[in-house]
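Reader: I have a structure to go through and no idea where to begin. Please start with the terms.

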Amino acid sequence: MLKLTKEKKAAMDRLSTKDGIISALAIDQRGALRKMIKALEVEPTDQHIEEFKELVSSELTPYASAILLDPEYGLPAAKARHKEAGLLLAYEKTGYDATTPGRLPDLLADWSVLRLKEQGADAIKFLLYYDVDEAAAINHQKHVFIERLGSECAAENLPFYLELVSYDAQNSDANSLEYAKVKPHKVNAMMEEFSKPQYKVDVLKVEVPVNMNFVEGFASGETAYTKEEAAAYFAEQSQATELPFIFLSAGVSTELFQQTLVFAKEAGSTFNGVLCGRATWKNGVKPFIESGEAAGRQWLQTTGRENIESLNRIVSQTASSWHDKAEVLD
């Protein structure tokens with residue numbers, strides 16, 4: 001059971017619907033957004049990134065319970081958000097140093113939880129890459145790092161959203177059939193680890209425990225799991241933690257993400273919402289870059305809005321309230 005101070009509970013409420021569902025929009029991408037612009041054969045500038053984030057925030061936050069942004073390029077977007085949308089700010093440096101083993105985490109050097117709070121953050125989000133089967137010395141560093149971070153958030157009375165992305169140090173292809181077979185173990189075991197009280201995590205932002213492209217009935221080719229096996233992994237995921245947890249879209253299509261949420265619900269998952277990024281807005285990058293702000297805005301007002309509203313309908317039918325997993329301390 002999650003124990004919240006009154007201040008943290010108020011912050012959690014600002015990030016959720018009145019029913020305790022987190023239907024948040026993520027656009028804290030930095031490196032990934034640069035790559036999307038580069039793929040259009042345009043050299044990305046800081047201005048491109050700031051302006052696109054601001055556009056997404058102003059057009060789509062009326063339909064989201066909160067928005068996740070980064071303080072490097074996202075502060076103008078934070079000011080442009082709808083007045084009732086909560087604000088999560090990311091605290092990690094984008095990407096990781098590929099020259100050293102372990103995908104070690106790092107903080108933005110110019111920021112602290114206090115400074116992010118002063119910018120209006122209702123919660124802090126941190127992304128951690130984690131392989132439960134990696135060398136104990138590497139994972140020990142990560143455990144200590146997250147303990148520190150959890151303590152910093154607790155000191156400022158801000159909810160701590162920990163985003164966990166699994167990987168296999170022995171297999172760099174996260175989209176492979178081989179990785180799909182070990183993914184349930186990787187995802188569910190790391191959720192269990194970071195639900196321990198010493199990390200002071202309030203909400204886990206996680207992947208679904210299977211690669212849906214390899215689930216019988218969803219797969220176009222080889223399969224890694226039957227529908228029954230996949231459903232069992234979703235149920236196991238809910239049993240791995242008592243904390244509220246939300247799903248990230250991991251860049252899959254809008255349609256597949258929505259189908260996944262329905263599957264999760266049918267499998268008995270007690271997930272508490274979503275923090276959905278690219279599945280909502282990624283196809284808006286092209287009109288914005290190639291034809292300018294008006295074209296980007298038009299896409300967001302039509303297809304972008306349709307994406308987020310159809311997702312909201314699915315989330316409202318499939319997610320559970322985090323209120324059932326929390327109690328407020330006197």
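Author: Helices (H or I, at least four residues) and strands (E, at least two) are DSSP runs, numbered from the N terminus. This is a predicted model in which local features need pLDDT of at least 70, side-chain atom pairs count only at pLDDT 80 or more, and totals for chains, interfaces and linings use all residues. Residues are numbered from 1 along each chain as its sequence is written, and side-chain values use heavy atoms, with hydrogens and water left out.

Reader: OK. How many cavities of 30 Å³ or more are there?

Author: The count is 2. A cavity is a set of points on a 1 Å grid over the protein atoms alone where a 1.4 Å probe fits but cannot get out, and its lining residues have an atom within 4 Å of a point.

Reader: How much space lies in the largest cavity?

Author: About 60 Å³. That volume is the space filled by probe spheres set on the points, which are joined across faces, edges and corners.

Reader: What lines the largest cavity?

Author: Its lining includes Ser23, Ala24, Leu25, Val274, Cys276 and Thr280, and Ile308, Leu311, Asn312 and Val315 are also part of it. Strands β2 (22-26) and β9 (273-276) and helix α12 (293-318) each supply at least two of the lining residues. Helix α12 gives the most, with 4 residues.

Reader: How many of those are nonpolar, polar or charged?

Author: The largest cavity has 7 nonpolar, 3 polar and no charged residues in its lining. Ala, Val, Leu, Ile, Met, Phe, Trp, Tyr, Cys and Pro count as nonpolar, Asp, Glu, Lys and Arg as charged, and the others, Gly among them, as polar.

Reader: And the second largest cavity, what space lies in it?

Author: About 40 Å³. Helices α9 (254-266), α10 (278-281) and α12 each supply at least two residues of its lining. Among the lining residues are Thr254, Phe257, Gln258, Ala279 and Asn307. The second largest cavity has 5 nonpolar, 4 polar and no charged residues in its lining.

Reader: Where is Thr254?

Author: Thr254 lies in helix α9. Leaving aside its neighbours within four places in sequence, Thr254 is in contact (heavy atoms within 4.5 Å) with Ala279 and Asn307. Both of those residues also line the second largest cavity.

Reader: How far apart are Thr254 and His323?

Author: They are 27 Å apart in space, C-alpha to C-alpha, and 69 residues apart in sequence.

Reader: Where is His323 found, then?

Author: His323 is in the loop between α12 and β10 (326-328). Not counting residues within four places in sequence, His323 is in contact with Asp13, Lys18, Asp19 and Gly20.

Reader: Why does His323 count as partly exposed?

Author: Because its relative accessibility is 30%. Buried means under 20% relative accessible area, exposed over 50%, and partly exposed in between (1.4 Å probe, protein chains only).

Reader: New topic. Thr61: buried or exposed?

Author: Thr61 has 1% relative accessibility, so it counts as buried. Thr61 lies in the loop between α3 (46-60) and β3 (66-69). Beyond residues up to four places away in sequence, Thr61 touches Val56, Ile67, Arg81, His82 and Ala85.

Reader: Last one. What does Ile146 touch?

Author: Ile146 touches Phe126, Leu128, Phe160, Leu162, Phe194 and Tyr199, again not counting residues up to four places away in sequence.

Methods
On a 1 Å grid over the protein atoms alone, a cavity is a set of points where a 1.4 Å probe fits but cannot get out, and a pocket is an open set with protein on both sides within 12 Å along at least five of seven lines; lining residues have an atom within 4 Å of a point.
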